[in-house]
Amino acid sequence: ADLVMTAVSGPLNGVTGTSIIIANTVKNQGTGKTAGFSVGLYLSTDAAITTADTRIATRTISSLAGGASSSANTSATLPTSLAAGTWYIGAIADYSNIVKTESSETNNARAGNVIALTSGVDLVMTAVSGPTSGTKGTSIGISNTVKNQGTGGVASFAIGLYLSPDATITTTDLRIGTRSVGSLAAGVSSSATTSVTIPATIAGGTYYIGAVADYSNSRPESNETNNARAGNTLVVQ
């Protein structure tokens with residue numbers, strides 16, 4: 001057996017968090033029949049497709065006779081963890097190296113066209129509020145709502161909850177709590193009331209309650225400048 005990818009192609013543009021279709025054809029150009037194996041579909045920063053690249057889908061072939069080909073259109077989801085930019089679509093026949101009878105193991109990969117990716121994720125805080133007064137060392141509840149106003153879903157991320165001396169909330173302010181969000185589809189919001197403790201060491205005075213979506217910047221977004229929101233003021237005693 002000798003498995004090779006004879007064709008692989010996909011769209012010229014894509015949005016992270018959404019699905020694309022990748023056309024792919026594998027051929028057994030050897031003389032012996034193979035048992036079952038899988039084709040791995042990848043995105044790569046260069047035209048050298050390897051198993052170290054980002055695998056976004058697989059396709060299983062039950063068997064392939066000598067000289068026969070198998071073609072399919074395979075759906076693949078573009079990971080939200082991918083940076084925007086240009087990527088190569090690629091495929092590797094028997095990427096997990098199940099078929100041990102190939103005459104050549106060095107010709108299984110093929111690069112297709114390039115795809116220009118844009119981030120489909122755009123996280124914004126649509127609401128944040130808490131009590132108007134509190135005491136050092138005690139707990140308060142902060143109500144917070146985050147929305148993915150983009151066109152593609154996002155995997156897990158965290159919201160940072162802050163106290164700030166002004167209405168401009170940044171990650172350099174005092175973070176007093178976090179909330180983890182498992183995932184968020186396009187157009188969907190997630191709301192919660194998060195319990196946080198006012199630090200005992202903070203100076204008394206008036207602070208703004210604020211929140212920053214994806215405060216650790218773990219998810220690429222189409223807009224990284226609209227993640228923060230200020231709520232009401234809190235008088236700390």
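**Notes on two sheets, a pocket and three residues**

1. A good place to start is Val 212, whose bridge partner in β16 is Ala 228. Strands here are DSSP runs of E with at least two residues, numbered from the N terminus, as helices are (H or I, at least four residues). Please keep in mind that this is a predicted model, in which local features need pLDDT of at least 70, side-chain atom pairs count only at pLDDT 80 or more, and totals for chains, interfaces and linings use all residues. Residues are numbered from 1 along each chain as its sequence is written, and side-chain values use heavy atoms, with hydrogens and water left out.

2. The Val 212 bridge belongs to the pairing of β15 with β16, which is antiparallel and has seven bridges; two strands pair if DSSP finds at least two bridges between them. Both strands sit in an open, mixed sheet of five strands, ordered β10-β16-β15-β12-β13. At its edges are β10 (133-134) and β13 (174-181), each of which pairs on one side only.

3. Elsewhere in this sheet, β12 (residues 157-164) and β15 (residues 205-213) run antiparallel and are joined by six bridges. Leu 161 has Ala 211 as its bridge partner in β15. By contrast, β10 pairs with β16 (residues 228-236) in the parallel sense, over two bridges, and there Gly 134 is opposite Val 236.

4. Val 212 and Ala 228 turn up again at the largest pocket: together with Thr 171, Glu 224 and Asn 227, they are the residues nearest its centre, out of 14 that line it. A pocket is found on a 1 Å grid over the protein atoms alone, as an open set of points with protein on both sides within 12 Å along at least five of seven lines; a cavity is a set where a 1.4 Å probe fits but cannot get out, and lining residues have an atom within 4 Å of a point. The largest pocket holds about 160 Å³ of space, the volume being that filled by probe spheres set on the grid points, which are joined across faces, edges and corners. Its lining has five nonpolar, six polar and three charged residues; Ala, Val, Leu, Ile, Met, Phe, Trp, Tyr, Cys and Pro count as nonpolar, Asp, Glu, Lys and Arg as charged, and the others, Gly among them, as polar.

5. Tyr 162 is in strand β12 and has a relative accessible area of 1%, so Tyr 162 is buried. The cut-offs are under 20% for buried and over 50% for exposed, with partly exposed in between (1.4 Å probe, protein chains only). Leaving aside neighbours within four places in sequence, its contacts include Thr 171, Leu 174 and Val 212, where contact means heavy atoms within 4.5 Å.

6. Pro 165, in the loop between β12 and β13, is exposed because its relative accessibility is 61%. Beyond neighbours within four places in sequence, Pro 165 is in contact with Asp 173, Tyr 207 and Tyr 208.

7. Ser 190 in β14 (residues 189-197) is buried, at 16% relative accessible area. Among the residues Ser 190 touches, not counting those up to four places away in sequence, are Asn 144, Arg 179 and Leu 184.

8. Finally, three strands make an open antiparallel sheet in the order β1-β3-β6. Because β1 (3-9) and β6 (69-77) each have a single partner strand, one side of each lacks a neighbour in the sheet. β1 pairs with β3 (residues 19-28) over six bridges, and Val 4 is opposite Lys 27 in β3.
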